[in-house]
Amino acid sequence: MPKLPLVTVGVASFNNAQYIVETLDSIYALDYAAIELIIVDDASSDDSVAVIEDWLSRRYDYNGRLIAHATNQGVCRVCNRFVEESRGKYVCFIGSDDIYLPHKLAVQVAIMEAAAPEVGVVFSDISRMNSDGQVTLPHLYSGGEAVPYEGWVWLDLLRLNYVQAMGTLMRRSCFDMVGAYDESLSFEDWDMWLRIAQQFQFIYHSEVTAIYRVHGGSATFQRRAQMAESCLRLLQKQIGLSADGDVIITQHIAHYAEVLYLLDHPDSVKWLTRRWQVRYDTRSLALLVLARMGIPARRMSQVSGAIKRLIGRSTPSV
């Protein structure tokens, strides 16, 4: 039997003590033998570390270990720690509340082993579940939420980050080519996919290989302003690579700059100025003027609502 290539599986742990055993059990149940498990806990305030240590103590013969941060350093630092510590030919990451399906690695490793060297990432369909583990979306891509473009996908990924991290398997060598995760950002994946897509192709595999859990504590429900600001900063790195790309980036800047204003972010003026520089339209100018005057978006909504009510009362019925 040929020796299986080692895969480093990284678990990003943060305040998911109630879910992480299910995540770790799903990794343990993978039908692929050559696994290195690295769990990085980013200073959880719940019992995550104790739960992980107990799980590892009962799997003493398993190739797994815990790295516990003393202070919270963010998901991008966690991902960099995985890469720094990894010894695998391939790497994959999963959140501490998500689930791998048993065939995930066996299928994806076989695809990558058969692929050309310029293929850096294989990604699969995923399902979504709620906090109780009930599947709410059986198929992300066949359900029509996103189109799984493959090949040279930089421009497609610039339009929309459609690649879900828990559904991927990456060559470890990708990071040698494109560098580390940007630790100044509040989330990790879109920036990295765009950088990898400049150098490598992506392959899509249509089977569901992972289940993403959506609940009130999920990162997608928190830090909206931080995430919008991170989107704006990562997009700046992509400016000038192509004319078509710059058109897409301009649209994103317009959207995310307005989001920051609506969320009363302190950098609203900076990014609305950037929006005005790339998109000379009436709305951009109006938003920039309001932000510079210190008028919050919620105040404008109140004024607009009062005007509409006043007009409504003063209009005679027919």
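These are my notebook entries on a predicted model of a single chain.

**Overall layout**

I began with the chain as a whole. Its secondary structure comes to 12 helices and 9 strands. Taken along the principal axes, the C-alpha atoms fill a box of roughly 80 × 45 × 45 Å. I then looked up burial: of the 318 residues, 49% count as buried.

**Cavity**

I searched the whole structure for enclosed space. How many cavities of 30 Å³ or more are there? The search finds 1. The space in this largest cavity is about 30 Å³. For its lining I noted Phe93, Ala165, Tyr181, Glu188, Asp189 and Trp193. Sorted by class, the lining has 4 nonpolar and 2 charged residues, with no polar ones. Tyrosine counts as nonpolar in this scheme, so Tyr181 goes with the nonpolar part of the lining.

**Salt bridges**

I counted 18 salt bridges under the rule used here. I looked at three pairs, among them Arg58 with Asp54.

In the Arg58 and Asp54 pair, the closest N and O atoms are 3.1 Å apart. I checked the exposure of both partners. Arg58 is partly exposed, with a relative accessible area of 44%. Asp54 is also partly exposed, at 40%.

Next I took Arg77, which forms a salt bridge with Glu84. The closest N and O atoms of Arg77 and Glu84 are 2.8 Å apart. Is Arg77 buried or exposed? Its relative accessible area is 17%, so Arg77 is buried, the cut-off for buried being under 20%.

The third pair is Lys237 and Asp191, whose side chains meet in a salt bridge at 3.2 Å, N to O. Lys237 lies in the loop between helix H8 (224-236) and H9, while Asp191 is in helix H7 (residues 189-197), so the pair ties together parts that are 46 residues apart in sequence. I compared the accessibility of the two ends. Lys237 counts as partly exposed at 39% relative accessibility, whereas Asp191 counts as buried at 1%. Which residues are joined into one network by salt bridges that share partners? I noted Asp182, Asp191, Arg195 and Lys237.

**Loop between H9 and H10**

I went on to Asp267. Asp267 sits in the loop between helix H9 (243-262) and helix H10 (268-278). With a relative accessible area of 28%, Asp267 is partly exposed. I also looked up its separation from Ala257. Asp267 and Ala257 are 10 residues apart in sequence, and their C-alpha atoms are 9.0 Å apart in space.

**Nonpolar surface patch**

My last entry concerns the surface. Which residues make a nonpolar surface patch of about 270 Å²? Leu285, Val289 and Met293 make this patch. I placed Met293 in the loop between helix H11 (282-292) and helix H12 (297-314). Is Met293 buried or exposed? Its relative accessible area is 56%, so I entered Met293 as exposed, the cut-off for exposed being over 50%.

Conventions:
Residues numbered from 1 in each chain as written. Predicted model: local features only at pLDDT ≥ 70, side-chain atom pairs only at ≥ 80, totals over all residues. Heavy atoms only, no water. 1 Å grid on protein atoms, 1.4 Å probe; cavity = no way out; pocket = protein on both sides within 12 Å on 5 of 7 lines; lining within 4 Å. Points joined across faces, edges and corners; volume = space filled by probe spheres on them. Patch = residues over 30% accessible without salt bridge, like charges linked within 9 Å, V, L, I, M, F, W, Y side chains within 5 Å. Areas by Shrake-Rupley, 256 points an atom, 1.4 Å probe, with all protein chains shown as cover. Salt bridge = Lys/Arg side-chain N within 4 Å of Asp/Glu carboxyl O. Helix = DSSP H or I, 4+ residues; strand = E, 2+ residues; numbered from the N terminus. Buried < 20%, exposed > 50% of the residue type's maximum accessible area, 1.4 Å probe, protein only.
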